[in-house]
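Visitor: I have just opened this one and could use some company while I look around. Could we begin with the charged side chains?

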Amino acid sequence: MKLFTIGDSISQGFMSFAAARTELSYSTLIARVLGLTPEVDYPLPTWREGGLPLNLERLLRRLQSLYGADIRGLLEWPRALLTINGMVDDVEDHYERGSGNIARPQAGPTKTFPNSSCFGFTVADAWLIDPNWCLQQIRDGEEDDGLISLPNQSLARAAHAVLNPSRHPAYGDRSQLKSLEQHVKEEGVENLLLWLGSNNALGTVTRLKINETPNDPNNRMHLRSVKERDRYNLWHPDDFKAEYEQLLDRVSTLMEQNKHPDWRVFIGNVPAVSIAPLCKGVGAEKECEDPFGVLGNKARYFENYTYVIFGSDFARRTGLGLTRDQVLKIDGYISEYNKIIANLIQDANGRLGKERYFLVDISSCLLKLAYRRNNGQPTYPLPPELAQARYKPNTMYYHADRNGRLQQGGLISLDGVHPSAIGQGVLALEFLKVMEAAGAPGAKASALDWNAIIASDTLYTNPIALMGELYDNTRLAEFLVDVMRRVDNM
């Protein structure tokens, strides 16, 4: 096997709060550069009804097609609510009772996908979550058939679809690492892309609160059940270290049995989740010591952080917000995560006496891209096709005016966390640079087809004019925030 990927939502191609546009993910872009064809020798999952839990781009385009660039007054809002409810019901019906129900047999020969990534996965979920666990979660979960009810147990449904696409009971133990083991032993894996860790901190900004792990040396987090682990959204660095050590030990054990003699593992580190545009800084600014040491000695932090679109009043009214000190703590922990990952890679290579493991510094890439953190002057050099485009995309939250002209954003999708198709292209570029330098056959950063990547990004090529409604009328924005908060892990 030329390429195998273990990751979370970003690697899966999760966009605009839905799994997944895997055909647009950085992993698939890399596969194309390596000469693989998604429809032939690099199979991908297909997600109906826009995907799980809810495709916000699809939803907004549907509203725009019915009501235009704004939703007016007492007459249109009730109709719009019914439209939204109808779309959500269609998604729920498909995945809970229709052909998307994983309890139904699935025709087709695919036993496993070369991209095993799934949204919501933390580091230890690479071996803790398998299809049997997913089925048990769905059996134990309660269905919500009220107004605006999403499919229940969305993570379990999505993970099962990825890890056991044939839905055959014989593959009920196929975790991400079990799938890797299968390919390592059967035909060998030449290149492994490994990128986990973001969800060990991401929940702090999607939920706007911190639930830190207890840092109990006698009961580390990777020894606990998935249910116990779900209580927390920020891993103490010592808990993270124990978990990531276990991950690399397991990966090393498998890869060193590899039938392919010239294998390599490319490991992405953890991004600063606080730069996600979903979480907006408000209030007084302050120059603080940069926890990552990437942007110089100082970096800009705000007094408070709340959901984008809203301001300080919303944070006070709802209690949904983080303080500057809390965000600095989150960033400080992630900086420690990345030092841990770098040291573990160095140790693994030292033990082998040869470079097999390579760090892909996604954290520094995204920090240099971060618009507000860099005072509106990002230092990351975009490819010429983007840098010289009529509109140069950035990491601000997506916005188009009511005439359909893009005003800001372009690198992040509508959920304010996950990359757009263009953003996925930037990630592919960073991985390919490291793969090319490492001598991976066929890996060439200049081979990325940026014209095709740009053309595939409908948010960029066909901006949503209804976005003005989110900025001018907070009813729709608050509804979307409420929907997203119903799913703990994105």
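Visitor: Which residues are linked with Glu92 in a network of salt bridges?

Guide: This is a predicted model, and in it Glu92 is linked with Asp93, Glu96 and Arg97 in a network of salt bridges. Within that network, Asp93 and Arg97 form a salt bridge whose closest N and O atoms are 2.5 Å apart, while for the salt bridge of Arg97 with Glu92 the closest N and O atoms are 3.9 Å apart.

Visitor: And Glu92 itself, is that buried or exposed?

Guide: Glu92 is buried, because its relative accessible area is 3%. Arg97, at 36% relative accessibility, counts as partly exposed, and Asp93 is partly exposed as well, with a relative accessible area of 34%.

Visitor: How many salt bridges does the structure hold?

Guide: The structure holds 20 salt bridges. One of them is formed by Glu469 and Arg402, with the closest N and O atoms 3.6 Å apart. This pair links distant parts of the chain, since Glu469 sits in helix H19 (residues 467-472) and Arg402 in the loop between strand E10 (399-400) and strand E11 (406-408), 67 residues apart. Glu469 counts as buried at 3% relative accessibility, whereas Arg402, with a relative accessible area of 31%, is partly exposed.

Visitor: What about Arg356, which side chain of opposite charge is nearest?

Guide: That is Asp262, 4.1 Å away, and Arg356 is buried yet has no salt bridge. A salt bridge needs the nitrogen and oxygen atoms within 4 Å, so the 4.1 Å to Asp262 does not qualify.

Visitor: Where does Arg356 lie, and what does it touch?

Guide: Arg356 lies in the loop between H13 and strand E9 (357-360). Setting aside residues up to four places away in sequence, Arg356 touches Pro261, Asp262, Trp263, Arg264, Val265 and Asn349. A polar atom of the Arg356 side chain also lies 3.0 Å from the backbone oxygen of Trp263.

Visitor: Changing topic to rings, how many aromatic pairs are there?

Guide: A search of the whole structure finds eleven aromatic pairs. Among them, Trp263 and Tyr357 form an edge-to-face pair, 5.7 Å centre to centre and with 80 degrees between the planes. The two rings come from distant parts of the chain, 94 residues apart, with Trp263 in the loop between helix H11 (237-255) and E5, and Tyr357 in strand E9. Trp263 is buried, with a relative accessible area of 5%, and Tyr357 counts as buried at 1% relative accessibility.

Visitor: Why is the pair of Phe302 and Tyr305 edge-to-face?

Guide: The planes of Phe302 and Tyr305 stand at 85 degrees, with the ring centres 6.2 Å apart, so the pair is edge-to-face. Both of these residues are buried. Elsewhere, ring pairs link Phe14, Phe17 and Phe119 into a cluster.

Visitor: And Ser274, where does that lie?

Guide: Ser274 lies in the loop between strand E5 (264-268) and strand E6 (279-289), and it counts as buried at 4% relative accessibility. The side chain of Ser274 is joined to that of Asp331 by a polar contact of 2.8 Å.

Visitor: Last one: which residues touch the most other members of the largest nonpolar core?

Guide: They are Ile30, Leu180, Leu247 and Phe266, in a core of 160 residues. Helix H13 (residues 324-352) supplies the largest share of this core, ten residues. Leu180, leaving out residues up to four places away in sequence, touches Phe4, Ile6, Val189, Leu192, Leu254 and Met255.

Notes
Residues are numbered from 1 along each chain as its sequence is written. This is a predicted model: local features need pLDDT of at least 70, side-chain atom pairs count only at pLDDT 80 or more; totals for chains, interfaces and linings use all residues. Side-chain values use heavy atoms; hydrogens and water are left out. A nonpolar core is a set of buried Ala, Val, Leu, Ile, Met, Phe, Trp, Tyr and Cys residues joined through side-chain atoms within 4.5 Å. Buried means under 20% relative accessible area, exposed over 50%, partly exposed in between (1.4 Å probe, protein chains only). Helices (H or I, at least four residues) and strands (E, at least two) are DSSP runs, numbered from the N terminus. Contact means heavy atoms within 4.5 Å. Lys and Arg count as positive and Asp and Glu as negative; His and the chain ends are not counted. A polar contact is a pair of N or O atoms within 3.5 Å; within protein, one must be able to donate a hydrogen and the other to accept it, and residues adjacent in sequence count only if both atoms are side-chain atoms. Rings of Phe, Tyr and Trp (its six-membered ring) pair if their centres lie within 6.5 Å; planes under 30 degrees apart count as stacked, over 60 as edge-to-face and the rest as tilted.
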